[in-house]
Amino acid sequence: MIGGGVMGEALLSRLLSQGLYSPEEILLGEPSSERREVMSEQYGIQTTERNRDVIKASRVILLAIKPQIFKLVARDFAAVRADIDAGSGPLTPDSPPLLLSILAGVPLAQLEDAVPGWPVVRAMPNTPATVGAGMTAIALGSRASSDHAELAQEIFSAVGEVVTVPESLMDAVTGLSGSGPAYVSIMIESLADGGVASGLPRVIANQLALQTVLGTAELLAQTGMHPAVLKDRVTSPGGTTIAGVACLEELGLRTSLIEAVRVASSRSRELGKPAKPTN
């Protein structure tokens with residue numbers, strides 16, 4: 001693993017706790033000595049300051065760095081690739097490692113340019129992955145086989161659900177599941193505020209709002225019921241729920257959420273475009 005940040009640690013902790021890998025099988029490349037010490041003590045893994053050590057020793061490389069430093073890390077891949085082509089080290093040109101990238105806004109083409117001939121899988125996990133309840137979308141590079149896809153599915157399943165999409169849909173994934181936790185958080189906060197406005201103590205309102213959203217999501221997930229069906233079941237003629245639903249429709253909640261996903265997806269496409277040269 002290259003990069004010991006929050007999302008990388010989330011994946012690491014779940015892979016270890018579920019027994020998919022043992023600590024002896026994991027090597028972390030991380031420039032911060034303090035972070036290396038924390039990760040080593042907490043998980044019993046090997047660490048190194050040099051990314052090249054990770055690349056040379058690994059069959060699977062999880063790239064979990066900030067997108068801004070990708071070009072810098074790409075130099076390490078170039079150096080190791082030259083060694084591999086020369087037959088130096090445990091890897092050979094015929095068996096390059098699988099590169100898994102969770103870098104937002106870095107497309108497969110750019111990743112594959114950094115490691116020509118290597119299998120690459122691009123992934124977009126979201127923040128609930130840190131508690132094992134994430135949603136990850138993966139897109140396969142041109143050299144990724146069905147075996148590589150299966151391995152990527154297994155790794156990211158450690159932190160939640162996984163779907164495979166063409167890369168052309170990754171921006172839509174970002175707008176929905178990537179940015180979605182912020183939308184849901186606002187919705188929970190707003191429900192709690194409504195409870196407070198109706199006379200509930202803040203602590204109880206927060207608990208009611210959170211569990212209502214959590215329970216509804218779990219009910220839909222377990223039954224496979226369409227959200228509209230559940231909405232209809234809760235909505236009695238002339239009752240309280242239909243009055244609230246009518247208010248939401250009047251104020252445009254549905255349209256606002258649709259537009260939020262659309263705008264975030266559009267912004268993701270903009271961020272993924274190469275920067276225009278300046279004079």
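Two residues are taken to be in contact when heavy atoms lie within 4.5 Å. On this basis, among contacts in the chain between residues at least 6 apart in sequence, 60% join residues at least 24 apart. The structure described here is a predicted model. Its chain has 279 residues, of which 36% are buried. Taken along the principal axes, the box filled by the C-alpha atoms of the chain is roughly 75 × 45 × 40 Å. The secondary structure comprises twelve helices and seven strands.

Five of the strands are assembled into an open sheet, in the order β3-β4-β5-β6-β7, with mixed pairing. The edges of this sheet are formed by β3 (60-63) and β7 (160-164), each of which pairs on one side only. From one strand to the next, the twist averages 25 degrees.

The pairings within the sheet can be followed from the β3 edge. Strands β3 and β4 are paired in the parallel sense, and four bridges connect them. Within this pairing, L63 is placed opposite S101 of β4. Strand β4 also runs parallel to β5, to which it is joined by three bridges. Here S101 is found opposite R122 of β5. S101 thus stands opposite L63 and also opposite R122. The side chains of β4 are directed to both sides: L98 and L100 point one way, whereas L99 and S101 point the other way, and all of these residues are buried. At the β7 edge, strand β6 (residues 134-140) and β7 run parallel and are joined by five bridges. In this pairing, A137 has V163 of β7 as its bridge partner.

A helix is also associated with the sheet. Helix α6 (residues 146-156) lies across β3, β4 (98-101), β5 (120-124), β6 and β7. Its direction relative to β6 is described by an angle of about 165 degrees.

Attention is now turned to the packing of helices against one another. Two packed helices are described by the angle between their axes and the distance between the axes. For helix α7 (residues 170-178) and helix α12 (residues 253-272), the axes cross at roughly 135 degrees and come within 7 Å. Angles of 65 to 115 degrees count as roughly perpendicular and those over 145 as roughly antiparallel; α7 and α12 are therefore oblique to each other. The crossing of α7 past α12 is right-handed. On the α7 side, the residues involved are D171, A172, T174, G175 and L176, and these meet V261, A264, S265, S268 and R269 of α12. By residue class, the contact of α7 with α12 consists of four nonpolar, four polar and two charged residues.

A second helix pair is formed by helix α8 (residues 180-197) and helix α9 (residues 202-223), which pack at an angle of about 135 degrees, with the axes 8 Å apart. That angle makes α8 oblique to α9. The crossing in which α8 passes α9 is right-handed. Helix α8 contributes V184, M187, I188, L191, A192, D193, G195 and V196 to the contact, while α9 contributes R202, A205, N206, A209, L210 and V213. The residues of this contact between α8 and α9 comprise ten nonpolar, two polar and two charged.

How values were computed: Residues numbered from 1 in each chain as written. Predicted model: local features only at pLDDT ≥ 70, side-chain atom pairs only at ≥ 80, totals over all residues. Heavy atoms only, no water. Axes fitted to C-alpha atoms, helices over the stretch in contact; angles between N-to-C directions. Helix = DSSP H or I, 4+ residues; strand = E, 2+ residues; numbered from the N terminus. Parallel < 35°, antiparallel > 145°, perpendicular 65-115°, else oblique. Left-handed = near helix turned anticlockwise from the far one by under 90°. Nonpolar A, V, L, I, M, F, W, Y, C, P; charged D, E, K, R; others polar. Pairing = 2+ DSSP bridges. Buried < 20%, exposed > 50% of the residue type's maximum accessible area, 1.4 Å probe, protein only.
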